[in-house]
Amino acid sequence: MGYSETDLTTTFNSGTYDETNWTVSPYAMYQPMDGVTLSAIAGYSMGDVDRTRDTTVTGNTDSDMWFASLNGSYAYTPSKDMPLDLTAKMAVLISRKTVDAFTESDGTAVAKSTSDTRQIKPGIEAAYSFDAQGTTLQPFAKADYVHDFTDETNGDKGAFNLGGGLRIASGETGLSGSIEGERQVGRDDYKEYTVSGLIAYNFGVGGEGESKLGIASPYIKSNFNPDSGQMFGTGLKFNSPGGDFSTEFGLTHNMTTAGTPDTAGQIRAELRF
């Protein structure tokens, strides 16, 4: 289950676009063999949209969206003597969003609008791990090709996402984290880049060894996107010893490029069987 709020300033018409959404999106993951991971997610979202233009003209309507995604990856280690991991990935995304027709406060009729996404994204990642005084460091580089079958950006059906970063894990201290950057290239008059980071610390709860209730992992994270703005978050994850149950409590604060910040809480629980 998900809830989101969107608050935009549409400077081209001296207006605003505000939308609230409720989303349900069940998913499944399957690992048929070592190194192979398959996942699928589908969802439906309902929204309420409030719009203004020219400062005084207002309008209200509803939106709905459905989406589905299939993902697969295969991780391969070419040599047992070299800690190099190669991962091939493939993702397929389909979505359709409709904003219903409505009449503005000055009597202007606004037609229904629909946006379709049909996208395929193959990619590869290379990661090399080494030990630094008990801490595992894993620098990595990745490249994805994005192909839009519909609703392409500025007439460009294809683009590349190029990125890389560093993952850190310390079994002795329970400290782990990552920093990653990504840049999209290949589209005319369009730029997109993302910088993200995560710091987490794990500690046992309820005793030693097999008597532990599980592992608690407080974390902080940050993500910057020039289109959506800056996000800060903190929370706590808990995993049972066998990984059959996990839960997460989190809080995020977004400073949007539209200038209107928002804060949201999240509670998630997962049971594996």
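Which backbone oxygen lies 3.4 Å from a polar atom of the side chain of serine 69? In this predicted model, the backbone oxygen is that of valine 92. The rest of this account starts from the chain as a whole, comes back to serine 69, and then follows the strands outward from there.

The chain has 19 strands and zero helices. Of its 273 residues, 25% are buried. The chain exposes about 16,800 Å², and carbon and sulfur atoms supply 59% of that area. Taking the contacts between residues at least 6 apart in sequence, 44% join residues that are at least 24 apart.

Serine 69 is part of strand 5, which covers residues 57-76. With a relative accessible area of 13%, serine 69 falls under the 20% limit and therefore counts as buried. Beyond residues up to four places away in sequence, serine 69 touches Ser39, Ala40 and Ile41, and also Val92 and Leu93. Valine 92 is 23 residues from serine 69 in sequence, while the two C-alpha atoms are 5.5 Å apart in space. The polar atom of the serine 69 side chain and the backbone oxygen of valine 92 belong to this pair of residues.

Strand 6 spans residues 84-99. Strand 5 and strand 6 pair in the antiparallel sense, over 14 bridges. One position in this pairing is alanine 75, which stands opposite threonine 87 in strand 6. Threonine 87 has 18% relative accessibility, so this residue counts as buried. Setting aside residues up to four places away in sequence, threonine 87 touches Ser73, Tyr74 and Ala75, together with Gly123, Ile124 and Glu125.

Strand 6 is also joined to strand 9, residues 113-128, by 16 bridges, and these two strands run antiparallel. Here threonine 98 has threonine 114 of strand 9 as its bridge partner. Leucine 93, another residue of strand 6, has contacts that can be read against both pairings. Apart from neighbours within four places in sequence, leucine 93 is in contact with Ala68 and Ser69, and with Thr117, Arg118 and Gln119. Is leucine 93 buried or partly exposed? Its relative accessibility is 29%, which lies between the 20% and 50% limits, so leucine 93 counts as partly exposed. Isoleucine 41 is 52 residues from leucine 93 in sequence, with a C-alpha to C-alpha separation of 9.6 Å.

Aspartate 62 gives a second view of strand 5, where it is placed. Aspartate 62 has a relative accessible area of 40% and is partly exposed, whereas serine 69 in that strand is buried. Not counting residues up to four places away in sequence, aspartate 62 touches Gly47 and Asp48, as well as Thr98, Val99 and Asp100. Methionine 46 is 16 residues from aspartate 62 in sequence, and their C-alpha atoms are 7.6 Å apart.

At the N-terminal end of the numbering, strand 1 (residues 2-10) is joined to strand 2 by nine bridges, and the two run antiparallel. Threonine 6 has glutamate 19 in strand 2 as its bridge partner. Four residues lie between the strands of this hairpin, in which serine 14 takes a positive phi near 50°.

The surface can be followed next. Which residues make the nonpolar surface patch of about 1,100 Å²? They are Met1, Tyr3, Trp22, Val24, Tyr44, Met46, Trp66, Leu70, Met90, Val92 and Ile94. Strand 2 (15-24), strand 4 (36-53), strand 5 and strand 6 are the elements that each give two or more residues to this patch. Strand 6 supplies the largest share, three residues.

Tyrosine 44, a member of the patch, lies in strand 4. Its relative accessibility is 37%, so tyrosine 44 counts as partly exposed. That value is also over the 30% required of patch residues. Valine 92 is another member of the patch, and its backbone oxygen is the one that lies 3.4 Å from a polar atom of the serine 69 side chain.

Technical notes. Residues numbered from 1 in each chain as written. Predicted model: local features only at pLDDT ≥ 70, side-chain atom pairs only at ≥ 80, totals over all residues. Heavy atoms only, no water. Buried < 20%, exposed > 50% of the residue type's maximum accessible area, 1.4 Å probe, protein only. Contact = heavy atoms within 4.5 Å. Polar contact = N/O pair within 3.5 Å; in protein donor to acceptor, adjacent residues only side chain to side chain. Areas by Shrake-Rupley, 256 points an atom, 1.4 Å probe, with all protein chains shown as cover. Patch = residues over 30% accessible without salt bridge, like charges linked within 9 Å, V, L, I, M, F, W, Y side chains within 5 Å. Salt bridge = Lys/Arg side-chain N within 4 Å of Asp/Glu carboxyl O. Pairing = 2+ DSSP bridges.
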